[in-house]
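Colleague: Got a minute to walk me through this one? I'd like the overall picture before the details.

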Amino acid sequence: MKISEVCRYCGGVVRAVPAERVYGEATKRLGLQNEVIYQCQNCNARVGCHKGTRRPLGSVANEILRLKRMETHQVFDSFRKRQGMTRTGAYKWLAEKMQLPVKRTHIGGFEMDECQAVIDLCREEENK
């Protein structure tokens with residue numbers, strides 16, 4: 001996934017910055033030394049990268065969307081573990097349910113409505 005150099009929220013400049021610039025003293029505790037984050041220099045929208053790379057984990061998100069994605073990951077990961085699914089198997093299941101290609105099915109790239117759809121699907125499946 002390519003990151004735009006222009007922030008979709010405010011039009012500011014998005015740059016790759018050291019994780020330490022975002023997390024300060026917590027960088028070491030979080031295990032993010034030498035890691036990179038794409039961050040809007042104006043509004044702080046951001047996305048992390050796969051460990052040891054500059055490959056983004058998803059799309060740049062503001063704080064509200066980042067929190068929704070975290071909630072979605074918590075629900076989805078708990079669901080897949082209770083169902084005995086592997087991570088890969090769970091994403092294949094999710095892609096089918098959301099009628100998306102597997103390559104497009106990543107919570108880090110989802111918007112608010114897609115995140116809520118994941119949460120709803122997991123809860124519906126467990127209530128069957």
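Modeller: Sure, we'll go from the overall fold to a helix pair and then to two loop residues. Keep in mind that this is a predicted model.

Colleague: Okay, how many helices and strands does the protein have?

Modeller: There are five helices and three strands in the protein. Starting at the N terminus, the order is β-α-α-β-β-α-α-α.

Colleague: And what box do the C-alpha atoms fill?

Modeller: Roughly 45 × 30 × 20 Å, taken along the principal axes.

Colleague: What share of the residues is buried?

Modeller: Of the 128 residues, 39% count as buried. As for the outside, the protein exposes about 8100 Å², and carbon and sulfur atoms supply 50% of that area.

Colleague: What about contacts between residues far apart in sequence, what fraction are they?

Modeller: Taking the contacts with a separation of 6 or more, 44% are between residues 24 or more positions apart.

Colleague: Switching to the helices. At what angle do H4 and H5 pack?

Modeller: H4 covers residues 87-98 and H5 covers residues 112-126. Their angle is about 105 degrees, and the axes are 11 Å apart. Angles of 65 to 115 degrees count as roughly perpendicular, so that is what H4 and H5 are to each other.

Colleague: Which residues meet there?

Modeller: From H4 you have Trp93, Leu94, Lys97 and Met98. On the H5 side they meet Glu114, Ala117, Val118, Leu121, Cys122 and Glu125.

Colleague: How do those divide into nonpolar, polar and charged?

Modeller: Seven of the residues in the contact of H4 with H5 are nonpolar, three are charged and none is polar.

Colleague: New topic, backbone. What's notable about the phi of Asn34?

Modeller: Asn34 has a positive phi, about 65 degrees, although it isn't a glycine. Most residues other than glycine have a negative phi.

Colleague: Where is Asn34 found?

Modeller: In the loop between helix H2 (26-29) and strand E2 (36-40).

Colleague: Is Asn34 buried or exposed?

Modeller: Exposed: the relative accessible area of Asn34 is 78%.

Colleague: And Asn44, what's its phi?

Modeller: Asn44 isn't a glycine either, and its phi is positive, about 75 degrees. Asn44 is in the loop between E2 and strand E3 (46-48).

Colleague: How accessible is Asn44?

Modeller: Asn44 has 31% relative accessibility, so it counts as partly exposed.

Technical notes:
Residues numbered from 1 in each chain as written. Predicted model: local features only at pLDDT ≥ 70, side-chain atom pairs only at ≥ 80, totals over all residues. Heavy atoms only, no water. Axes fitted to C-alpha atoms, helices over the stretch in contact; angles between N-to-C directions. Helix = DSSP H or I, 4+ residues; strand = E, 2+ residues; numbered from the N terminus. Parallel < 35°, antiparallel > 145°, perpendicular 65-115°, else oblique. Contact = heavy atoms within 4.5 Å. Nonpolar A, V, L, I, M, F, W, Y, C, P; charged D, E, K, R; others polar. Buried < 20%, exposed > 50% of the residue type's maximum accessible area, 1.4 Å probe, protein only. Areas by Shrake-Rupley, 256 points an atom, 1.4 Å probe, with all protein chains shown as cover.
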